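Work through the three exercises below with the model open. Each task is followed by a stepwise solution.

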Amino acid sequence: MGTGRVELHYPRSALRRVHGILGKVQKAWPLNSGKRPVVLVVEDEALLCMAAIAMVEHAGFEAVAAANAAQAIEVLESRMDIRIVFSDISMPEGIDGVRLATIIRNRWPPIEIILTSGFFDSSRVEARSPFFSKPYNEEQVIAAMRKFAA
């Protein structure tokens, strides 16, 4: 019987890259600098969601997760501190990331939105929302988050 623990093993080169990014990020935005901006991560793939949450938290933000657009709307309705939404576009259960972005723009205009997808024509994304193809460059995503949080 297992312990319920999952271990992920990454190549050393990837870990060195992550540690290098974290060093730069922590200099720019110390983790102990008080209240951290909150980022809602919307991703239906569990492993990708965990990776995105780790990226967001290591960048010095507080991360909140939702597995689909309906959950994201519930979170946004219950929390007034979310400043940025980082969402996948291709999601099950009716509402995709582009439609979610439209809903957020209409109901919560100050919230900034960053979209990502592995299979999508970015021409459907409005100019105010940056789009990153998967696999995305984490440094670029973090830079966009920092710009919105400033």
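**Exercise 1: the cavity lining**

Task: in this predicted model, which elements each supply at least two residues of the lining of the largest cavity?

Solution.
- Strand 1 (38–42), helix 2 (46–58) and strand 3 (82–88) each do so.
- Strand 3 gives the most, with three residues.
- The full lining is Val41, Val42, Glu43, Leu48, Ala52, Phe86, Ser87, Asp88, Thr116, Lys134 and Tyr136.
- By class, the lining divides into six nonpolar, two polar and three charged residues.
- The volume of the largest cavity is about 60 Å³.
- The count of cavities of 30 Å³ or more comes to one.

**Exercise 2: Met55**

Task: is Met55 buried or exposed, and which residues does Met55 touch?

Solution.
- Locate the residue: Met55 lies in helix 2.
- Apply the cut-off: buried means under 20% relative accessible area.
- Met55 has 3% relative accessibility, so Met55 counts as buried.
- List the contacts, leaving out residues up to four places away in sequence: Met55 touches Phe86, Tyr136, Glu138, Val141, Ile142 and Met145.
- Check one pair: Met55 and Ile142 are 87 residues apart along the chain, and their C-alpha atoms are separated by 8.0 Å.

**Exercise 3: helix 4**

Task: which residues of helix 4 are buried, and what covers them?

Solution.
- Helix 4 spans residues 97–107.
- Its buried residues are Gly97, Val98, Leu100, Ala101, Ile103, Ile104 and Arg105.
- Their cover includes strand 1, helix 3 (69–78), strand 3 and strand 4 (112–117).
- Finish at the start of helix 4: a side-chain oxygen of Asp96 comes within 3.2 Å of the backbone nitrogen of Val98.

Methods
Residues are numbered from 1 along each chain as its sequence is written. This is a predicted model: local features need pLDDT of at least 70, side-chain atom pairs count only at pLDDT 80 or more; totals for chains, interfaces and linings use all residues. Side-chain values use heavy atoms; hydrogens and water are left out. On a 1 Å grid over the protein atoms alone, a cavity is a set of points where a 1.4 Å probe fits but cannot get out, and a pocket is an open set with protein on both sides within 12 Å along at least five of seven lines; lining residues have an atom within 4 Å of a point. Grid points are joined across faces, edges and corners, and a volume is the space filled by probe spheres set on the points. Helices (H or I, at least four residues) and strands (E, at least two) are DSSP runs, numbered from the N terminus. Ala, Val, Leu, Ile, Met, Phe, Trp, Tyr, Cys and Pro count as nonpolar, Asp, Glu, Lys and Arg as charged, and the others, Gly among them, as polar. Buried means under 20% relative accessible area, exposed over 50%, partly exposed in between (1.4 Å probe, protein chains only). Contact means heavy atoms within 4.5 Å. A polar contact is a pair of N or O atoms within 3.5 Å; within protein, one must be able to donate a hydrogen and the other to accept it, and residues adjacent in sequence count only if both atoms are side-chain atoms.
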